[in-house]
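Colleague: Got a minute to go through this one with me? I'd like to know what to trust before I set anything up.

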Amino acid sequence: MALLTALHMASVFGILGNIVSFMVFLAPVPTFYKIYKKKSTQGFQAIPYSVALFSAMLLLYYAFLKKSNGLMIITINSIGCAIEATYLTLFIIYATKESKIYTTKLLLLFNVGACGFIMLGTSLFSKGDTRISVVGWICAVFSVCTFVAPLSIMRLVIKTKSVEYMPFALSFFLTLCAVMWFFYGFLIHDYFIATPNILGFTFGVAQMVLYLIYNNKTQALPETKVLDLTIAMEMNVEFKEKQNGEDKAVLDLSAIILEIEELEEKQNGEDKGNKPNKPSELTV
């Protein structure tokens, strides 16, 4: 009876995991709607969608190798492969010539080459449970790397004190997704699925905590800060346009941060040099 209960609970968490994961896969739809409307990729990159496709392909391969309890993994990752492939197709259609070449090379080397190498290598040099374990370890390591990726966004939030680049809804659903798949993997004793999601849950909670900390600060930012960010972005776009000699500017986030820091230093220097006895309104 306990075994039946565990299997039933695993099925429930698997279905919930499919639903939440489907919603996460659909998260970039507004981005691609903008790309479609403007007929331009607007500086977006194809790397996140290539990585998501690679992850779905690996998990799909792993699920087909499993002797049991692979259905839930097969369903969502089949859908995921279709969705990510659609995103990448739209990206290539509306990307610049340079981006098309780069994205094509990325897909051939990473999604076709690397994934094909893993499938071929594990098929030739391992069999049965050993093959499942090897592919499971590869999936687990890659999942960990994927969950570590938001560290760069978290660093950006702390540095800029702005949650603009880290939507709360996406962080919440990624955390919820990690919880569902952890319990699913735990209940079917598949620790290649369960273990990486512990890290996913941890980083998801950390992102939501950061959002709560800096959300109010973002709203309380004075108008000068907003203008500084806008000016920095415009300066970076102008620089890119001059550098390329054509209207194909790509917003470089690192450059934007540097511009903001320089503007803040100049502003702080001016504030120290001009210490008014009475408080006055900031004018830009």
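**Reading the model**

Modeller: Let's start just past α7: lysine 161 follows that helix, and its phi is positive, near 55°.

Colleague: And in helix α7 itself, which residues are buried, and how wide an arc do they cover?

Modeller: Helix α7 spans residues 151-160, and its buried residues are Met154, Leu156 and Val157. They sit on the same side of α7, because the arc they cover around the axis is only 160°.

Colleague: Which helix gives the most to the nonpolar surface patch?

Modeller: The patch is about 700 Å² and is made by Val12, Ile15, Leu16, Ile19, Phe22, Met23, Leu26, Val29 and Ile79. Six of its residues come from one helix, residues 2-25, and that top contributor is α1.

Colleague: Is phenylalanine 22 buried, partly exposed or exposed?

Modeller: Phenylalanine 22 lies in helix α1. Buried would need under 20% relative accessible area and exposed over 50%. Its value is 35%, so phenylalanine 22 is partly exposed.

Colleague: Now confidence: which element has the lowest mean pLDDT?

Modeller: This is a predicted model, with an average pLDDT of 80 and 74% of the residues at 70 or above. Helix α4 (residues 71-94) has the highest mean among the elements, 95, while the lowest, 47, belongs to helix α10.

Colleague: How many contacts beyond near neighbours in sequence does the model have for residues 245-252?

Modeller: The pLDDT over that stretch is below 50. Where pLDDT is low, the predicted coordinates shouldn't be read in detail. With that caveat, the count for residues 245-252 is 17 contacts.

Methods
Residues numbered from 1 in each chain as written. Predicted model: local features only at pLDDT ≥ 70, side-chain atom pairs only at ≥ 80, totals over all residues. Heavy atoms only, no water. Patch = residues over 30% accessible without salt bridge, like charges linked within 9 Å, V, L, I, M, F, W, Y side chains within 5 Å. Areas by Shrake-Rupley, 256 points an atom, 1.4 Å probe, with all protein chains shown as cover. Salt bridge = Lys/Arg side-chain N within 4 Å of Asp/Glu carboxyl O. Helix = DSSP H or I, 4+ residues; strand = E, 2+ residues; numbered from the N terminus. Buried < 20%, exposed > 50% of the residue type's maximum accessible area, 1.4 Å probe, protein only. Arc of directions from axis to C-beta. pLDDT = per-residue confidence, 0-100. Contact = heavy atoms within 4.5 Å.
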